[in-house]
Amino acid sequence: ASGLAHDRLVRALIAAHQPDRAYAAADEAAQAAPGTAPALNAEGRAAFRRGNLADAERLFRRAIAADPRYPDALVGLADIYAVVSKFRTARTLIDKAFELNPRDPETRRSHADEEEGGEHEAALRRALAALDPASGDAKALRAHISRDAALKGRRRRLLSPDQTARIRLARLTNGPKG
């Protein structure tokens, strides 16, 4: 009956690329602990994974209303804002989630991605220290740190210059009546 256990299960199943099982677990969470922040968050994660951003946002907001100090719902809502390019709002939500739960690996990685330069690498290394070294997440994070180190502080950039293009548009008709 624990909404938190169901939320963590949904999170793990999504990370393990088992969406159908994650959706079923989210449905179970809604039945086992209706209206609780963890259950609503589990449903929000499932909706986000399905690509239903409107439902995911609504569920994350309901989770925050149920418990304003539930950091996972803040991270979920931040993901929504990042997808729609509201990066400043996403960062504010990630910072608040990190403040509430600085030991959570997902929150640590999200917070580290908001940092710049040397602090970014240090934050990633702290996040890495909290993970099981043999896990896929740890391997991916080590690759991220190595990639950043190889860039030596340089920003990624386009190799070709930005150019204006002109495209001729043609009217498309729908059958003989247009």
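Helices here are DSSP runs of H or I with at least four residues, strands are E runs of at least two, and both are numbered from the N terminus. With that in hand, Ser85 can be placed: it lies in the loop between helix 5 and helix 6.

Before going on, a word on the model. It is a predicted one, in which local features need pLDDT of at least 70 and side-chain atom pairs count only at pLDDT 80 or more, while totals for chains, interfaces and linings use all residues. Residues are numbered from 1 along each chain as its sequence is written, and side-chain values use heavy atoms, with hydrogens and water left out.

**The overall picture**

What is the chain built from? It has nine helices and zero strands. The radius of gyration (taken over C-alpha atoms) is 20 Å, well over the 16 Å from the globule rule for 178 residues (2.2 Å times the number of residues to the power 0.38), so the chain is more spread out than a compact globule. Along the principal axes, the C-alpha atoms fill a box of roughly 60 × 55 × 30 Å.

Of the 178 residues, 35% count as buried. Buried means under 20% relative accessible area, exposed means over 50%, and partly exposed is in between, using a 1.4 Å probe and protein chains only.

**Two cores**

A nonpolar core is a set of buried Ala, Val, Leu, Ile, Met, Phe, Trp, Tyr and Cys residues joined through side-chain atoms within 4.5 Å. The largest one has 21 residues, and Leu74, Leu77 and Leu93 touch the most other members. Which elements give two or more residues to this core? They are helix 3 (37-50), helix 4 (53-66), helix 5 (71-83) and helix 6 (87-100). Helix 5 gives the most, with seven residues. Apart from this core lies another, of 11 residues, among them Val10, Tyr23, Ala29 and Ala46.

Tyr23 has a charged partner too: the charged end of Arg50 sits over its ring, 3.9 Å from the centre. To count, CZ of Arg or NZ of Lys must be within 6 Å of the ring centre and within 35 degrees of the ring normal.

**Some residues to look up**

Arg45 is found in helix 3. Is it buried or exposed? At 13% relative accessibility, Arg45 counts as buried. Contact means heavy atoms within 4.5 Å. Leaving aside neighbours within four places in sequence, Arg45 is in contact with residues including Asp7, Phe60, Asp72 and Glu106.

Leu53 belongs to helix 4 and, at 27% relative accessibility, counts as partly exposed. Neighbours within four places aside, its contacts are Phe48, Ile80 and Val83. Leu53 and Asp79 are 26 residues apart along the chain, and their C-alpha atoms are separated by 9.7 Å.

Now for backbone angles. Most residues other than glycine have a negative phi. Here are two that go the other way:

| Residue | Phi | Place |
|---|---|---|
| His17 | positive, about 60 degrees | loop between helix 1 (3-15) and helix 2 (19-32) |
| Ser85 | positive, about 65 degrees | loop between helix 5 and helix 6 |

His17 also counts as exposed, at 68% relative accessibility.
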